[in-house]
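The following exchange examines how descriptive labels are assigned in a structural model. Each answer sets a computed value against the criterion behind the label.

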Amino acid sequence: MRLLCVICEVSGKRVAGLDGLRGLCALYVLLFHCWAYTFRGFPRYRGPDWLSWLGFGRLAVVLFLVLSGFSLAMSAARNGWHLGGLGLYFRRRAWRILPAYWAALAFSLVIAWTVVRQPHNPEPTGESVVVYTLLLQDLIGAPTPNGAFWSISVEVLLYGVLPLLLVLCRRIGPAAMLAAVTIPVVVIGFVVFDGSPPAGDNWLTPHLLPVFAAGVVAAGVVASGDRWRRLPWVWLSVLAAVPVGVLVLQQGSRWMVGHYYWVDMAIAPAMTMFLLAIVSGRPAVLIRLLDSRPLERLGSFSYSLYLIHVPIVVAISLKLVAPRLGHGTAAFAVTTVLGGGLSLAGAWFFARVFEFPFQRYRSWAGLRKAIVPVEAAPPVAEPAPVSTSS
C-alpha cells in the first residue's frame, strides 16, 4: 500500500511508529496474497478457520491512503493549508513515485509474458503497457500485469485532488471539507448505484476520496495544538471499529467484497483515530513495537515490497507450489516462506536501486553526481580532515 512514503514531523521531530505501521501494512498485504493464491476462490474461503484473519488485505490499502493524506497534508496544515507551489509539489510526487513504479511495471510485464500471467486475467497487451505506464488503469480497463497496481493509480489521482482539498480546508475548514467530499460520494452510492456500487479493482473509486481526506483532517488535528493529545484516541478508534467489524464478521467475506464502497468509508474514522493515537505517542508499548528496528527497516522499503510482491507470489504459488502440494495448509506455508522471503529480499534490493536514491537525491543533477564518478581533482598538500560523525 504507499505503496507510500510517510515522512512526517510534529514539532520538528520524526513521528515514532509511522514507518513501522507502513511496514506492517505492506507485510499484511503480502501475507494476504500468499493466502488468497493458495486457497483459491476468494472471497469464498476454503481454508482453515484459524487463517481466516488474513482475508482483509483491502483494509491495509485503506489505511495506506489515510496515512498518505496525513503525511502529505501535515506541512500544509502547519502553514495555513498552503501547499507551497503546485509545480514543486507535483515534481516531488512524480520523483518519489514514478521511478520505482515504472521499474516494477517492467518487472511485472516480464513475469507475465515469460513465466505466468495474473490469475483471472489474459496476458498483458500493448494497450496494457500504455494504460499502466500512464497510470490510467482505474479509468481504462486493460489486462493487468500486477494485481496490486490498481491502488497506485488511485493514489496518483488523489495526489491531483489534494491541492483542491487544501483550498477547501483554508476556506471552510477541514471538517467542512470532509463533509463536502463525503456527502456527494454517499449520494452517488445510493442514487446512481441504488445502494450497491460495483466492486472491483479496475474502475474509478470515488469512495476512497473521503478516506484520503480523513487523513488530511488528521493532519489538521495535529497542527491545531497540543490539547488533542489528551483525548483517548485508541479507545475512540476501537469504538469506531467495532460496528464495522461486527457487521463484516456477521455478513462474511463475500458480502464485504461486494460492499467495499461502504466498508472502506465506514472503517476510515477508526483508522484515522488510530493514526492520531500513534502520533500522540500512546499507547507507549505499541509505539515501541512499531518503532523497533526491524519494523522501521521494513517500513523503509514498504513501497517497493508492495510494488513487486504480487508477480513473485503468483509465480511461486501457481508454477512451483500448487502443482506439487495443491492448495492446502502445507502449500500456504511453502508459498509464504518462498514467495514471502523472495519478495522481502527482492524488495530490499529493488528499493536500493529504484527507491532509496530518489529519496536521497531530489534532482537528476544530484543523482548523476552520485552515480557518475567526478573527475579526480589535483592533489593538495594538506587535505582537510573528513568528519565521520554524519
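Helices are DSSP runs of H or I with at least four residues, numbered from the N terminus. By that numbering, Asp19 lies in helix H1. The model is a predicted one.

Q: Why is Asp19 called buried?
A: Buried means under 20% relative accessible area. Asp19 has a relative accessible area of 17%, so Asp19 is buried.

Q: Which separations, in sequence and in space, relate Asp19 to Ser300?
A: Asp19 and Ser300 are 281 residues apart in sequence, and their C-alpha atoms are 6.6 Å apart in space.

Q: How do you know that the span of helix H1 agrees with expectation?
A: The expected span is 1.5 Å times one less than the number of residues. Helix H1 covers residues 18-38, which is 21 residues, so a span of 30 Å is expected. The end C-alpha atoms of H1 are 30 Å apart, which agrees.

Q: What makes H1 largely enclosed by the rest of the structure?
A: Of the 21 residues of H1, 18 are buried, so this helix is largely enclosed by the rest of the structure.

Q: Why is the pair of Trp95 and Phe358 called edge-to-face?
A: The whole structure contains 15 aromatic pairs, and Trp95 with Phe358 is one of the aromatic pairs. Ring centres must lie within 6.5 Å, and planes over 60 degrees apart count as edge-to-face. The centres of Trp95 and Phe358 are 5.0 Å apart and the planes are at 65°, so the pair is edge-to-face.

Q: What makes this pair a tie between separate parts of the chain?
A: Trp95 belongs to helix H3 (residues 86-114) and Phe358 to helix H15 (residues 356-360), so the pair ties together parts that are 263 residues apart in sequence. Both Trp95 and Phe358 are buried. Ring pairs also link Trp95, Phe358 and Trp364 into a cluster.

Q: Why is the pair of Phe190 and Trp262 classed as it is?
A: Planes under 30 degrees apart count as stacked, over 60 as edge-to-face and the rest as tilted. The planes of Phe190 and Trp262 stand at 35°, with ring centres 4.8 Å apart, so the pair is tilted. Phe190 lies in helix H6 (residues 174-192) and Trp262 in helix H10 (residues 260-280), so the pair ties together parts that are 72 residues apart in sequence.

Q: Why does Phe190 count as partly exposed?
A: Partly exposed falls between the 20% limit for buried and the 50% limit for exposed. Phe190 has 49% relative accessibility, so Phe190 counts as partly exposed.

Q: How do you know that the charged end of Arg93 sits over the ring of Tyr159?
A: The criterion requires CZ of Arg within 6 Å of the ring centre and within 35 degrees of the ring normal. The charged end of Arg93 sits over the ring of Tyr159 at 5.3 Å from its centre. Arg58 lies over the face of Tyr260, at 4.3 Å from the ring centre.

Q: What makes the relation of H5 and H6 oblique?
A: The axes of helix H5 (residues 150-172) and H6 come within 7 Å and cross at roughly 130°. Angles over 145 count as roughly antiparallel and those from 65 to 115 as roughly perpendicular. The crossing angle of roughly 130° falls in neither range, and H5 and H6 are therefore oblique to each other. Their crossing is right-handed.

Q: What makes the backbone at His120 and at Leu135 notable?
A: Most residues other than glycine have a negative phi. His120, which is not a glycine, has a positive phi of about 65°, and Leu135, also not a glycine, has a positive phi of about 60°. His120 is in the loop between H3 and helix H4 (126-133), whereas Leu135 is in the loop between H4 and H5.

Q: How do you know whether His120 and Leu135 are buried or exposed?
A: His120 has a relative accessible area of 79%, over the 50% limit, so His120 is exposed. Leu135 has 9% relative accessibility, under the 20% limit, so Leu135 counts as buried.

Q: What is the geometry of the peptide bond from Arg282 to Pro283?
A: This bond is cis, with omega near -5°. Most peptide bonds are trans. Pro283 lies in the loop between H10 and helix H11 (284-290).

Note on methods
Residues are numbered from 1 along each chain as its sequence is written. This is a predicted model: local features need pLDDT of at least 70, side-chain atom pairs count only at pLDDT 80 or more; totals for chains, interfaces and linings use all residues. Side-chain values use heavy atoms; hydrogens and water are left out. Rings of Phe, Tyr and Trp (its six-membered ring) pair if their centres lie within 6.5 Å; planes under 30 degrees apart count as stacked, over 60 as edge-to-face and the rest as tilted. Helices (H or I, at least four residues) and strands (E, at least two) are DSSP runs, numbered from the N terminus. Buried means under 20% relative accessible area, exposed over 50%, partly exposed in between (1.4 Å probe, protein chains only). Axes are lines fitted to C-alpha atoms, for helices over the stretch in contact, and angles run from 0 to 180 degrees between N-to-C directions. Angles under 35 degrees count as roughly parallel, over 145 as roughly antiparallel, 65 to 115 as roughly perpendicular and the rest as oblique. A crossing is left-handed if the near helix is turned anticlockwise from the far one by less than a right angle, and right-handed if clockwise.
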